[in-house]
Each structure stands twice: as structure tokens, then as C-alpha cells.
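Me: I have a small protein open and would like to talk through its fold with you. Can we go over it step by step?

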Amino acid sequence: MSESSMYHLVCRDCSKEQLVESASTAKQQAVDHEAITGHRLDFKQVA
Ligand SMILES: [Zn+2]
């Protein structure tokens with residue numbers, strides 16, 4: 001299973017946006033941001 005894809009992470013509740021290199025990183029960033037701010041993030045594979 002390759003993790004070479006990029007994931008685009010976007011917050012629904014503020015202007016936070018980030019490109020990350022693995023699903024696990026994307027998920028961790030979303031969890032961290034939600035823990036700090038209570039915001040919800042969406043992430044999708046972009047490549
Ligand atoms: Zn946010």
C-alpha cells in the first residue's frame with residue numbers, strides 16, 4: 001500500500017488549509033485541529 005498520494009485538508013469553520021502526504025497525517029492534523037479549536041475538517045485525496 002503506497003502512501004505517496006497527497007491529501008488536501010480544509011477546515012469547514014476557518015481558513016485553515018493544508019496539503020499533506022498521507023491519509024494518516026491528514027487524519028492526525030484534523031484530529032489535532034479539532035482538539036484545539038472544535039472545528040471540523042474535511043480531507044480528500046488530490047493525487
Ligand atoms: Zn478551523
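Me: What percentage of the 47 residues in the protein is buried?
Reply: This is a predicted model, and in it buried residues make up 9% of the 47 residues.

Me: OK, and which secondary structure elements does the protein have, and in what pattern along the sequence?
Reply: The protein has one helix and three strands, and read along the sequence they follow the pattern β-β-α-β.

Me: How are the strands ordered in the sheet?
Reply: The three strands form an open sheet in the order 2-1-3, with antiparallel pairing; strand 2 and strand 3 (41-45) are the edge strands, each pairing on one side only, and from one strand to the next the twist averages 20 degrees.

Me: How many bridges join strand 1 and strand 2?
Reply: Strand 1 and strand 2 are paired in the antiparallel sense over four bridges, and Tyr7 has Val20 in strand 2 as its bridge partner.

Me: And where does the helix go?
Reply: Helix 1 (residues 23-37) packs on the sheet, where it touches strand 1, strand 2 and strand 3, and its direction makes about 10 degrees with that of strand 1.

Me: Switching topic, is Cys14 buried or exposed?
Reply: Cys14 counts as exposed because it has 11 C-beta neighbours inside 10 Å, and the cut-off for exposed is 12 or fewer.

Me: Where is Cys14 in the chain, and how far is it from Thr37 in space?
Reply: Cys14 is placed in the loop between strand 1 (7-11) and strand 2 (17-20), and although Cys14 and Thr37 are 23 residues apart in sequence, their C-alpha atoms are 9.6 Å apart.

Conventions: Residues numbered from 1 in each chain as written. Predicted model: local features only at pLDDT ≥ 70, side-chain atom pairs only at ≥ 80, totals over all residues. Helix = DSSP H or I, 4+ residues; strand = E, 2+ residues; numbered from the N terminus. Buried ≥ 20, exposed ≤ 12 C-beta atoms within 10 Å, placed from the backbone. Pairing = 2+ DSSP bridges. Axes fitted to C-alpha atoms, helices over the stretch in contact; angles between N-to-C directions. Contact = placed C-beta atoms within 7 Å.
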